[in-house]
Amino acid sequence: IIVGEGSHRPALEALAKSLGIESLAHFAGEIQDAELARWYAAADVFALCSEERRSERFVEGFGIVFLEASASGLPIVATRTGGIPDAVVDGETGFLVEPGDSAAVARAIERLLEDRELALRMGRAGRQRVLDHFNWDNTAIAVSRELESLLPGKGQARDLPLQ
């Protein structure tokens with residue numbers, strides 16, 4: 001299942017046809033946010049392998065989509081680029097591969113599909129990480145601490161002139 005729209009869709013559809021698997025490949029297209037949970041629940045693995053194109057000033061940011069998938073209990077396969085390693089812990093919540101290494105992507109997906117216990121363990125670890133670290137309560141505490149560190153006498157900002 002490939003969810004979303006993008007410039008690679010025609011090439012992916014052509015590849016599925018050339019491999020004779022067009023009846024097995026489902027291109028869902030763009031979906032509404034309300035439908036996301038259903039698609040995550042239907043998946044065994046979440047794979048999103050971004051490229052880094054510095055010449056075009058495109059670098060993947062943090063990638064909330066990885067946390068959404070982790071919150072759904074899915075193991076992740078992603079590329080080690082931009083902010084993705086902040087969202088996916090390699091070997092714990094999923095696998096990070098080098099950008100452009102399609103063979104490594106295939107091996108990681110295959111490993112997760114063949115080793116169901118590993119996939120479940122990574123999915124559980126990802127969900128627990130989201131629950132422990134990426135929630136509003138912890139975010140509010142972290143922001144509050146950071147703001148307190150900026151108060152005079154609390155951190156590096158004390159010597160900065162206020163404007």
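**A walk through the fold**

Let's start on the outside: Ala-34 counts as exposed because its relative accessibility is 77% (exposed means over 50% relative accessible area, buried under 20% and partly exposed in between, with a 1.4 Å probe and protein chains only). Ala-34 sits in the loop between β2 (27-29) and α2 (36-42); helices (H or I, at least four residues) and strands (E, at least two) are DSSP runs, numbered from the N terminus. The C-alpha atom of Ala-34 lies 31 Å from that of Ser-144, with the two positions 110 residues apart along the chain.

A quick note on what you're looking at: this is a predicted model, in which local features need pLDDT of at least 70 and side-chain atom pairs count only at pLDDT 80 or more, while totals for chains, interfaces and linings use all residues. Residues are numbered from 1 along each chain as its sequence is written, and side-chain values use heavy atoms, leaving out hydrogens and water.

Now for the sheet. Here 3 strands line up as β3-β4-β5 in an open sheet with parallel pairing (two strands pair if DSSP finds at least two bridges between them). β3 and β5 are the edge strands, each pairing on one side only. On average, neighbouring strands are turned by 15° against each other, direction ignored (axes are lines fitted to C-alpha atoms, for helices over the stretch in contact, and angles run from 0 to 180 degrees between N-to-C directions). Helix α3 packs on this sheet, touching β3 and β4, and its direction makes about 170° with that of β3; touching, or contact, means heavy atoms within 4.5 Å.

Which residues of β4 point each way? Ile-76 and Ala-78 go one way, Val-77 and Thr-79 go the other, and all are buried. That fits a simple habit: in a regular strand, side chains alternate between the two faces of the sheet. β4 (residues 76-79) has a parallel partner in β3 (residues 46-48), with 3 bridges between them, and Ala-47 has Val-77 as its bridge partner. On to β5 (residues 94-97), which pairs with β4 over 4 bridges, again in the parallel sense. Along that seam, Ile-76 is partnered with Gly-94, Val-77 stands opposite Phe-95, and Thr-79 is partnered with Val-97. β5 is covered on both faces, with Gly-94 and Leu-96 buried on one side and Phe-95 and Val-97 buried on the other.

Two loop residues are worth a stop. Ser-50, in the loop between β3 and α3 (64-71), counts as buried because its relative accessibility is 9%. Leaving aside residues up to four places away in sequence, Ser-50 touches Glu-60, Thr-79, Thr-81, Ile-84 and Pro-99. Thr-93, in the loop between α4 (84-87) and β5, is buried too, with a relative accessible area of 1%. With the same sequence cut of four places, the contacts of Thr-93 include Leu-74, Ile-76, Val-88, Met-122 and Arg-129. Thr-93 and Leu-118 are 25 residues apart in sequence, and their C-alpha atoms are 9.9 Å apart in space.

Finally, follow helix α5. With 13 residues (102-114), α5 reaches 18 Å from its first C-alpha to its last, close to the 18 Å expected at 1.5 Å a residue (the expected span is 1.5 Å times one less than the number of residues). Its buried residues are Ala-104, Val-105, Ala-108 and Leu-112. They cover an arc of only 105° around the axis, so they lie on the same side of α5; the arc is that of the directions from the helix axis to the C-beta atoms. The face turned away from this buried side carries exposed Ser-102, Arg-107 and Glu-114.

What covers the buried residues of α5? The cover includes β4, β5 and α6 (116-133). The axes of α5 and α6 come within 5 Å and cross at roughly 100°, which means that α5 is roughly perpendicular to α6 (65 to 115 degrees counts as roughly perpendicular, under 35 as roughly parallel, over 145 as roughly antiparallel and the rest as oblique). Where they meet, Arg-111, Leu-112 and Glu-114 of α5 come up against Arg-116, Leu-118, Ala-119 and Met-122 of α6.
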